[in-house]
Amino acid sequence: MKAVGVFPAERRFEVVDHPEPGIMGAMDVKLRMLEVGICGTDKEIVRFEYGNPPEGSHYLILGHESLGEVVEVGSAVTALMPGDLAVPTVRRPCSQLTCAACRGGRQDFCFTGGFTERGINGRHGFMAEYIVEGALNLNLVPRKLRDVAVLVEPLTIAEKGMTQLWQVQQRLPWTQNGPDQPRGEGLRAVVLGGGPVGLLGAMKLVLEGFETFVYSLSPPGSDLAGMAAGFGAKFVPAETVSVAQMAEIVGNIDVVYEATGVSSLSYEVMKYLGTNGAFILTGVPALKGPKPVDADLLMRNQVLKNQVVIGTVNASKQSFADAIADIGQFYQRWPKAVGSLITHRFPIDEVREPLAGNAGGIKSILTIG
Ligand code: BGC
Ligand code: ZN
């Protein structure tokens, strides 16, 4: 079968002919892959800056944001059947008995660093015609989400971040709104970055009732202002509005959701985080040497304003379930905005263009099946 293989030692990547996997265990599920999203992590992997092939393999099959259709199930699988749509989680646990996180099924919090990630570290990913995955790592997707469910994985980043936000903000007893009242009502959120992670995070914040501002540069030809307005957020252009001016426009910033991976911008914005505010970091900058920050002001504010910084990576199965439910909500409320996140679709043979070319736009998707 066709798959996208990255050969780090030879510094090349190409469509390879890989043996088609088959069901081995009673809990295995075989999927025909329909679509795989491409993100910054994939681009780093094809620049050979990140990622590792499985032990014993010269190449890594790329791809971790995916949607597949079940074609065959092992004898003990009851939750899925052929024809169902499913999205797999990405991270698999380490083997250390002492890792409480992995032993508890929460490898997204792995202590040892010995975890693997499909399509990223030590395990083949989803840019292939077929994959086999354990049923417990798969999340059933309603058929009506066929066209947008490839966005589930990038949305899980926001889901895990928001879950932690509310856990931390339990320290503010008055924010525990009733079940019918959105928890973010009356609060203000700033999203840094108008890429897929930022825009999906902004949709989640709007859904939660926040007054939401997206602060970003605009890639040429994009209409981020129109897009943000389309789902009830406000766009603030970073080309013409300074961070200080943006903070002035917003007022007390209760939450920052960072989705740029730019450390200098993030720590500049952190100076303006509001009283009792939380700053959620999701980007992974390359290590380019120390950069100055206003450490006195940051520390002073963090103490005197009861602030919290939350770093968050990867996501649990629960966050996938939350993302599937929420993408359904988004799609129902804002079908146009959700649809317009996917700006390009490429067949697998043209994978070079979105990975190493100048596809531009917001989200590029590889269509496989
Ligand atoms: C993926 C995460 C993964 C992280 C680090 C991200 O692009 O969405 O699942 O944990 O990269 O490898
Ligand atoms: Zn990704």
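User: Taking a polar contact as a pair of N or O atoms within 3.5 Å (within protein, one must be able to donate a hydrogen and the other to accept it, and residues adjacent in sequence count only through side-chain atoms on both sides), how far is an oxygen atom of ligand 1 from threonine 41's side chain?

Analyst: In this predicted model, where local features need pLDDT of at least 70, side-chain atom pairs need 80 or more, and totals for chains, interfaces and linings use all residues, side-chain values use heavy atoms, without hydrogens or water. Residues are numbered from 1 along each chain as written, with chains lettered from A and ligands numbered from 1 in written order. An N or O atom in the threonine 41 side chain lies 2.6 Å from a ligand 1 oxygen, while polar side-chain atoms of tyrosine 50 and histidine 64 lie 3.0 Å and 3.3 Å from an oxygen atom of ligand 1.

User: And how much of ligand 1 does the protein cover?

Analyst: Of the 310 Å² of accessible area (Shrake-Rupley, 1.4 Å probe) that ligand 1 has on its own, the protein covers 88%.

User: Switching topic, is lysine 363 buried or exposed?

Analyst: Lysine 363, which sits in strand β19, residues 363-367 (a DSSP E run of at least two residues), counts as buried because its relative accessibility is 2%, the limit being under 20% with a 1.4 Å probe and protein chains only.

User: Which side chain does lysine 363 make a polar contact with?

Analyst: That of glutamate 65, at 2.7 Å; leaving out residues up to four places away in sequence, lysine 363 also touches (heavy atoms within 4.5 Å) others including Ile38, Cys39, Leu151 and His344.

How values were computed:
Helices (H or I, at least four residues) and strands (E, at least two) are DSSP runs, numbered from the N terminus. Buried means under 20% relative accessible area, exposed over 50%, partly exposed in between (1.4 Å probe, protein chains only).
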